[in-house]
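This report describes the architecture of one protein model, beginning with its sheet and moving on to its hairpin, its helices and two individual residues. The sequence and structure are shown below.

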Amino acid sequence: MTLKIRGIETMTPDVVRFEIERGGRFVVYGYCISILVMSFKRVSGIYFVRSGESAFTKGMAFSLLSLVCGWWGIPWGPIWTIGTIVRNCRGGHDVTQEVADALATRAAA
């Protein structure tokens, strides 16, 4: 299984651990797309946000996508669009522990 994470392509495992200790985290962002009466709520790939970087800025594209394409489907489109935008503005969904566990398991194998 390949674990693709945006933001750590050039980093060694030691540097990733150091960044996590300094406050870095792995996050996913939500987005919503609606087509007439069907709405789809999805999550992005995993992004690494270093300490001092803005998680809000990295999630802005997904919020804009939801704002433009998400609200069309009734009733879930507006509900999910608002929810994804609020969560993305708060920095996305933190999955640091799950990713760190997966990376540790992979390194041990």
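## The open sheet

In this predicted model, four strands are arranged as an open sheet in the order β1-β5-β2-β6, and their pairing is mixed. The edge positions belong to β1 (5-6) and β6 (93-94); each has a single partner strand, so one side of each is left without a neighbour in the sheet. Helix α4, residues 96-108, packs on this sheet and touches β1, β2, β5 (46-49) and β6. The direction of α4 makes about 115° with that of β2.

Strand β2 pairs with β5 in the antiparallel sense over three bridges. Its pairing with β6 is also antiparallel, over two bridges. Residue V27 illustrates both pairings: its bridge partner in β5 is Y47, while in β6 it stands opposite D94. As general background, the strands of a sheet pair through backbone hydrogen bonds, in either a parallel or an antiparallel manner.

## The β3-β4 hairpin

Strands β3 (residues 30-35) and β4 (residues 38-43) run antiparallel and are joined by six bridges. One of the residues involved is G30, whose bridge partner in β4 is V43. The two strands form a hairpin with two residues between them. In the turn, L36 has a positive phi of about 55°.

## Surroundings of S39

S39 is found in strand β4. Is this residue buried or exposed? Its relative accessibility is 17%, and S39 therefore counts as buried, the cut-off being under 20%.

Two polar approaches involve the side chain of S39. It makes a polar contact of 2.8 Å with the side chain of S34, and one of its polar atoms lies 3.3 Å from the backbone nitrogen of G77. Leaving aside neighbours within four places in sequence, S39 is in contact with I33, S34, G73, W76, G77 and W80.

## Packing of α2 and α3

Two packed helices are described by the angle between their axes and the distance between the axes. For helix α2 (residues 55-69) and helix α3 (residues 76-89), the axes come within 8 Å and cross at roughly 170°. That crossing angle makes α2 roughly antiparallel to α3, because angles over 145 degrees are placed in that class.

Which residues of the two helices meet? On the α2 side they are F56, G59, F62, S63, S66 and L67, and on the α3 side T81, T84, I85, N88 and C89. The residues of this contact divide into five nonpolar, six polar and no charged.

## R22 and its distance to S51

R22 is found in the loop between α1 (13-21) and β2 (25-28). With a relative accessible area of 45%, R22 is partly exposed, because that class lies between the buried limit of 20% and the exposed limit of 50%.

How far apart are the C-alpha atoms of R22 and S51? They are separated by 6.1 Å, although the two residues are 29 residues apart along the chain.

Note on methods:
Residues numbered from 1 in each chain as written. Predicted model: local features only at pLDDT ≥ 70, side-chain atom pairs only at ≥ 80, totals over all residues. Heavy atoms only, no water. Axes fitted to C-alpha atoms, helices over the stretch in contact; angles between N-to-C directions. Parallel < 35°, antiparallel > 145°, perpendicular 65-115°, else oblique. Contact = heavy atoms within 4.5 Å. Nonpolar A, V, L, I, M, F, W, Y, C, P; charged D, E, K, R; others polar. Pairing = 2+ DSSP bridges. Buried < 20%, exposed > 50% of the residue type's maximum accessible area, 1.4 Å probe, protein only. Polar contact = N/O pair within 3.5 Å; in protein donor to acceptor, adjacent residues only side chain to side chain.
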